[in-house]
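Grab a pencil and have the structure open next to you. Below are a few exercises, each followed by a worked solution that goes step by step.

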Amino acid sequence: MLPGGKRAKTSRFKPIQNPKRISLNSSASPSTRLPSSPSKAPIRENQENVLKIPLDPSSSVDTIANNEDLLTNILLKLPAKSLLCFRCVSRQWRTIISDPEFRRRHIRSIRCCPTSDFLFFSPYIKPNEIDLLSLSGDGLDSVGNLSSPLRRSLEGRIIRLQACNGLLCIQFMVNYIRRDLIVYNPTTSEHRTIPWPNEGNHSPTIVPYTSIAFDPLTSDYYKLLDVSFDRGLRFFIYSSESGVWRVGGAAVAGTFDSDYYFDKGVFWNGDVHFMGTEFCTLCFDVENECLRPSMPRIPIRMEVMGKWDIKYFGETGGNLYAIYLNRINTAVLSDVFELKRDYSQWVVKYRFDFSHLVTYYPEMKSCGCCTPCFIADEEGKNARIVISLKGKFILYDINRVFVKELVEVGPVGSSVDDWGNSKWYRWYEAYQHVGTFASV
């Protein structure tokens, strides 16, 4: 079911009836949180600022209705999808929810909260759709499909997807010679077609990869980052504020197409990051429109690394993480690395062992598994991983040490081999999502 109560028609995810919940807690914990800096003292609520609402229901309704500031603060706590429905409650509610300043405050308030919604997409999987998985505190909240409304006004096949803070950047292959670039807000169902870069003789012949950068805490506008390889590595930047493309920085020589995975750019700390084969990232400074000179190497002892050796790469809880298998010890021991905000080094935040799960899911030993989603708060005290098994998603809570089944995946058609098995999802096929009123 989609946020707001709408039933999805074509979601690939089917909730598991009576899902298993397996406690892995024992004297030897399967996960270890490594030492880090001392946590901040808990914030104590200022009792003077707590709103006192009368217990009498009729009196409470009158109090809220007659206090627009109180009503506004309550509405700011609700998801964007619910607010779109609540506009029909009354003229007062519609006026508040439709106010641009309210929407701006709502966008910034939800950005401060960690999201538990994820989008999944692969161009090699049929049907050609974008699926939603929404998690609650202990398991599954809902599933849905976010691309069906968009198809009512657009034709073609989705070939690439990027997402950032509720906005989606989608490439549609309309036919063999036409490719459309779309920015889409699935919460408001608004979309905009973006013209491709056109800088005269500097126009790229092919623009295979496009990332989106949107930080509602600093701006109401988003930027697109196109990566081109026709004359070395070149970047083109589009601003929704100006509506024009610019050439960013100078062309960089080298075989970057094979050294970095540009099909998934991660926006964090004001930069777009791309994971590379040499255990380091390529970092593009969005504000200054240039590459950062150097980035630290992830301390992994591996001779060869392929795209599938990366178990996760993304932002959560305001931090940038990467997960790799630790093959020195065992095939199911994994390290979670966190990049320091000053870009000085990658440090190991967690180390966990999936061998305890093999007892319950023996297919992990024969077929392996993927971890497309990682969820953690700002201080890393609460962390969860979505594990993609063959035909199933399970949720692994690192701190409370339990596993819970989420959904079944499929059956669907696929035109690729076992590396792209249609019932598996990998790190570059999953994206964080949050409902937002942001304009496209």
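## Exercise 1: around strand 27

Start with one pair: tyrosine 396 has valine 403 in strand 27 as its bridge partner. Before going on, note that this is a predicted model, where local features need pLDDT of at least 70 and side-chain atom pairs count only at pLDDT 80 or more, while totals for chains, interfaces and linings use all residues. Residues are numbered from 1 along each chain as its sequence is written, and side-chain values use heavy atoms, with hydrogens and water left out.

Task: work out which strands pair with strand 27 (residues 402–409), and how many bridges join each to strand 27.

Solution.
- Step 1: get the terms straight. Strands are DSSP runs of E with at least two residues, helices are runs of H or I with at least four, and both are numbered from the N terminus. Two strands pair if DSSP finds at least two bridges between them.
- Step 2: take strand 26 (residues 392–397), which pairs with strand 27 in the antiparallel sense over six bridges. The two make a hairpin with four residues between them, and valine 401 in the turn has a positive phi of about 55°.
- Step 3: go to strand 1 (residues 13–15), which runs antiparallel to strand 27 and is joined to it by three bridges. Here proline 15 sits opposite valine 407.
- Step 4: add strand 2 (residues 21–23), also antiparallel to strand 27, with three bridges. Arginine 21 has lysine 404 as its bridge partner.
- Step 5: check burial (buried is under 20% relative accessible area, exposed over 50%, partly exposed in between, with a 1.4 Å probe and protein chains only). Six of the eight residues of strand 27 are buried, so the strand is largely enclosed by the rest of the structure.

## Exercise 2: an open sheet

Task: in what order do the four strands of the open sheet come, and which stand at the edges?

Solution.
- Step 1: the order is 8-9-10-11, with antiparallel pairing.
- Step 2: strand 8 (157–164) and strand 11 (190–194) are at the edges; each has a single partner strand, so one side of each lacks a neighbour in the sheet.
- Step 3: look inside the sheet. Strand 9 (residues 167–175) and strand 10 (residues 178–185) are joined by seven bridges, and cysteine 169 faces valine 183 in strand 10.
- Step 4: visit two loops. Asparagine 165, between strand 8 and strand 9, has a positive phi near 50° and is buried at 17% relative accessible area. Serine 189, between strand 10 and strand 11, has a positive phi of about 65° and is partly exposed at 42%.

## Exercise 3: looking for disulfides

Task: how many disulfides does a search of the whole structure find?

Solution.
- Step 1: the criterion is a pair of cysteine sulfur atoms within 2.5 Å.
- Step 2: the search comes back with zero.
- Step 3: try cysteine 283, whose closest cysteine sulfur, in cysteine 290, is 9.2 Å away, too far for a bond. Cysteine 283 is buried, at 1% relative accessible area.
- Step 4: try cysteine 370. The nearest cysteine sulfur, in cysteine 369, is 6.7 Å away, and cysteine 370 is in no disulfide. Cysteine 370 is buried too, at 6%.
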